[in-house]
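Work through the exercises below with the sequence and the structure side by side. Each task is followed by a worked solution.

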Amino acid sequence: MRILHTSDWHLGRTFHGRVLDDAQAIFADHLVELARTEAVDAVVISGDVYDRAIPPTDSVLLLDDTLRRLVGATRVVLTPGNHDSAQRLGFGAGLMRRELAIRTRTAEVDRPVIIPTPDGGDGLYVYALPYLDPDAARQSLPPLLADRLGESPETPEPTSDGGGPDPGSAASGNEKGRGLPL
């Protein structure tokens with residue numbers, strides 16, 4: 001299978017006060033042409049599509065046009081990076097057609113996007129990971145993983161003072177008082 005991986009487009013970026021829209025449009029044209037001429041099976045776009053969470057309208061239109069042309073040539077898998085707003089980028093992701101998979105939700109990290117072989121079989125499993133904000137992931141991943149593994153989520157052991165895990169407990173990472181400090 002032929003996979004074309006790209007990232008960090010930073011659509012909407014300016015450089016020393018100069019708007020880069022024309023250069024980014026040339027890149028988009030080149031990418032679409034490359035996907036067509038090389039007959040790639042998928043284009044994987046891994047984050048930082050936009051330069052900021054609320055991109056300029058022209059940047060949104062450029063991404064829309066680029067994705068529309070790419071899905072006319074191949075499958076596309078897209079994830080947000082730390083510069084993108086996952087909620088904005090993922091708007092309508094559930095309504096997209098099969099050729100375009102936009103993965104923006106933490107709850108989907110263990111569900112692959114399957115790129116079929118030319119004969120229609122399961123070919124490539126792409127586990128498309130969006131940027132995981134550390135604070136949000138700290139809250140959302142443990143219950144998700146516990147659910148997927150059929151386990152019950154761990155709860156911190158109470159301390160003698162009623163606070164969080166006891167510094168000497170296994171839950172703190174300090175089994176029998178030894179180990180790494182918090």
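**Exercise 1.** Which residue in β6 is the bridge partner of L78? Trace the pairing from there across the sheet.

Solution. Step 1: L78 has I102 in β6 as its bridge partner. This is a predicted model, in which local features need pLDDT of at least 70 and side-chain atom pairs count only at pLDDT 80 or more, while totals for chains, interfaces and linings use all residues. Residues are numbered from 1 along each chain as its sequence is written, and side-chain values use heavy atoms, with hydrogens and water left out.

Step 2: β5 and β6 are joined by 3 bridges in the parallel sense. Two strands pair if DSSP finds at least two bridges between them; strands (E, at least two residues) and helices (H or I, at least four) are DSSP runs numbered from the N terminus.

Step 3: On to β4, which pairs with β5 in the parallel sense over 5 bridges. Here A42 stands opposite R75 in β5, and S46 is opposite T79.

Step 4: β4 (residues 42-46) also runs parallel to β1, with 4 bridges between them. T6 stands opposite I45 in β4.

Step 5: The result is an open sheet of 4 strands, paired in parallel, in the order β1-β4-β5-β6. Its edge strands, pairing on one side only, are β1 (3-6) and β6 (100-102). Neighbouring strands are turned by 10 degrees against each other on average, direction ignored; axes are lines fitted to C-alpha atoms, for helices over the stretch in contact, and angles run from 0 to 180 degrees between N-to-C directions.

**Exercise 2.** Are the two faces of β5 covered or open? Place the helix that crosses the sheet.

Solution. Step 1: In β5, 5 of 5 residues are buried, that is, under 20% relative accessible area (exposed is over 50%, partly exposed in between; 1.4 Å probe, protein chains only). R75, V77 and T79 cover one side, V76 and L78 the other, and all are buried.

Step 2: β4 is largely enclosed by the rest of the structure, because 4 of its 5 residues are buried.

Step 3: Helix α2 (residues 57-71) lies across β4, β5 (75-79) and β6, at about 145 degrees to β5. Together, β4, α2 and β5 make a right-handed β-α-β unit: with the strands pointing away from the viewer, the path from the first strand over the helix to the second runs clockwise.

**Exercise 3.** Which residues have the most contacts inside the largest nonpolar core?

Solution. Step 1: A nonpolar core is a set of buried Ala, Val, Leu, Ile, Met, Phe, Trp, Tyr and Cys residues joined through side-chain atoms within 4.5 Å. The largest has 22 residues, and I45, V49, L63 and L70 have the most contacts inside it.

Step 2: α2 gives the most to this core, with 5 residues.

Step 3: Beyond four places in sequence, L63 is in contact (heavy atoms within 4.5 Å) with W9, L11, V49, Y50 and L89.

Step 4: A second, separate core of 8 residues includes A42, V77, A101 and A128.

**Exercise 4.** How many aromatic pairs does a search of the whole structure find?

Solution. Step 1: The search finds 1. Rings of Phe, Tyr and Trp (its six-membered ring) pair if their centres lie within 6.5 Å; planes under 30 degrees apart count as stacked, over 60 as edge-to-face and the rest as tilted.

Step 2: W9 and F27 are edge-to-face, at 5.4 Å centre to centre and 75 degrees between the planes.

Step 3: W9 is in the loop between β1 and β2 (14-15), and F27 is in helix α1 (residues 21-37), 18 residues apart.

Step 4: W9 is buried at 8% relative accessible area, whereas F27 is partly exposed at 31%.
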